[in-house]
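Reader: I am new to this structure and would be grateful for a close look at a single part of it. Please choose one strand and describe its surroundings with care.

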Amino acid sequence: MYKILIVEDEELERTSIKIFLEENLPDAEIVGEAKSGYEAIDLIGKNDINLMLVDVNIPGVDGMEVIRFARKKLPDAVIIITTAYDDFNIAHKAIKMKVDDFLLKPIRKEVLLESVKAFAPKLGEDKDGDKSNKLLSRFEAELRKCSYKVTVDILREYIDQLYLEHHDVNAIAKRLQELAKMIVRISEELGINDTNELVVQMEKLKIKYLLYNNKHDAFNEIVKMIDIVFDKMNVKGKLSDGGMKSVVDYIERNLKRGISLEDVANHVNISTYYLSKIFKKEMGVNFITYVTDRKMDLAKEMLVNTDIPVLNIALDLAYNEANYFSKAFKKKTGLTPSEYREKYKVRKEEGNETV
């Protein structure tokens with residue numbers, strides 16, 4: 001993810017550029033807009049900027065002085081001049097200050113986009129952005145392989161990374177909407193003809209993006225789409241096809257619905273006795289212990305990252321009684337759900353989010 005500053009005194013032009021870049025550069029974030037040289041210098045001093053679009057003829061300190069200041073403060077930033085004047089002196093000064101490009105107004109949108117994209121390798125040196133893009137590629141690969149648990153685990157990592165990279169809910173929403181489009185596209189490639197439910201869920205993301213101040217909510221909204229994909233495929237698991245993969249994936253998909261050994265055995269077309277035996281051998285724990293541990297993992301995540309009441313968490317994880325859930329949780333962690341929430345929320349606020 002790279003950060004852009006737009007320095008332009010014409011409000012209509014400035015707004016038009018902002019909207020165009022946001023729509024066409026998913027890896028870009030507009031971190032500032034300045035209508036004068038003084039505003040630009042102030043923003044440069046306060047932000048880590050990767051690319052600047054600078055109009056030379058602006059009120060107060062002129063564009064050249066802004067660039068001179070930027071070159072000292074942000075020596076590696078890409079700087080593109082925008083001007084209505086095809087002036088040799090301006091071009092000569094721009095070259096001396098190592099300006100990266102020079103665009104004449106009125107600027108055609110495709111020319112602007114081509115210019116920005118030309119510097120993608122330089123802008124792409126953002127290590128955090130590289131990490132989120134790698135996670136996205138892994139997510140796509142695992143979804144294509146129909147590996148439910150791995151796909152969901154990578155999704156959680158990806159969303160955690162997005163919230164580290166961005167502090168603007170609009171930027172997060174834009175990335176998640178792009179992810180939703182990818183899921184619809186992959187579902188079609190996997191042979192799912194009826195994608196109406198997926199499209200409806202994707203549209204909900206556009207309406208509900210203001211709720212994404214909480215990464216737990218964002219994660220749940222995307223998981224709903226993944227669940228729809230796997231429900232639409234409706235493929236009976238076969239133990240011989242992938243060892244325990246189909247068993248584990250089926251458990252993960254149904255943790256919140258309540259799941260029994262018999263349910264899983266029916267799914268993979270083998271007896272409960274045989275499944276119980278090989279599950280313990282392959283996973284190192286028995287079926288009930290595995291399911292309980294996974295539910296406790298989900299409970300921990302919800303306790304730390306949301307304000308959902310303990311009773312609702314219990315119900316969400318298919319525990320009919322909150323007391324039984326609390327006893328099971330304390331047996332696993334040594335703390336009641338309320339004690340765990342208090343302890344780890346304090347750690348999270350102090351900067352240690354390990355749960």
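Author: In this predicted model, the part to examine is strand S4, in which Val78, Ile80 and Thr82 point one way while Ile79, Ile81 and Thr83 point the other way, and all of them are buried. In a regular strand, side chains alternate between the two faces of the sheet. Strand S4 comprises residues 78-83 and is mostly covered, with six of its six residues buried. Burial here stands for a relative accessible area under 20%.

The neighbours of the strand come next. S4 pairs with strand S3, residues 51-55, in the parallel sense, and five bridges join the two. Within this pairing, valine 54 has isoleucine 81 of S4 as its bridge partner. S4 also pairs with strand S5, residues 101-104, again in the parallel sense, over four bridges. There, isoleucine 80 stands opposite aspartate 101 of S5. Isoleucine 80 and isoleucine 81 thus point opposite ways from S4, and each has a place in the bridging described: isoleucine 81 with valine 54, isoleucine 80 with aspartate 101.

The connection between S3 and S4 can be described as well. Helix H3, residues 63-73, joins with S3 and S4 in a β-α-β unit, and this unit is right-handed.

For context, some other parts of the model may be set beside the strand. Helix H14, residues 261-268, has Val264, Ala265, His267 and Val268 as its buried residues. These lie on the same side of H14, because they cover an arc of only 160 degrees around the axis. Just after H14, asparagine 269 adopts a positive phi of about 60 degrees.

The open and enclosed spaces complete the account. The largest pocket has a volume of about 1,000 Å³. Its lining numbers 36 residues, and those closest to the centre of the pocket are Arg156, His216, Phe219, Leu298 and Glu301. Helices H8 (148-165), H11 (215-233), H13 (245-254) and H16 (287-305) each contribute at least two residues to this lining, and H8 gives the largest share, nine residues. By class, the lining of the largest pocket divides into 18 charged, 13 nonpolar and five polar residues.

The structure also holds one cavity of 30 Å³ or more. The largest cavity offers about 30 Å³ of space and is lined by Glu13, Ile17, Ile107, Arg108, Lys109 and Leu112. Helix H1 (11-24) and helix H5 (109-118) each supply at least two residues of that lining, which has three nonpolar, three charged and no polar residues.

Conventions:
Residues are numbered from 1 along each chain as its sequence is written. This is a predicted model: local features need pLDDT of at least 70, side-chain atom pairs count only at pLDDT 80 or more; totals for chains, interfaces and linings use all residues. Side-chain values use heavy atoms; hydrogens and water are left out. On a 1 Å grid over the protein atoms alone, a cavity is a set of points where a 1.4 Å probe fits but cannot get out, and a pocket is an open set with protein on both sides within 12 Å along at least five of seven lines; lining residues have an atom within 4 Å of a point. Grid points are joined across faces, edges and corners, and a volume is the space filled by probe spheres set on the points. Ala, Val, Leu, Ile, Met, Phe, Trp, Tyr, Cys and Pro count as nonpolar, Asp, Glu, Lys and Arg as charged, and the others, Gly among them, as polar. Buried means under 20% relative accessible area, exposed over 50%, partly exposed in between (1.4 Å probe, protein chains only). The arc is that of the directions from the helix axis to the C-beta atoms. Two strands pair if DSSP finds at least two bridges between them. A crossover is right-handed if, with the strands pointing away from the viewer, the path from the first strand over the helix to the second runs clockwise.
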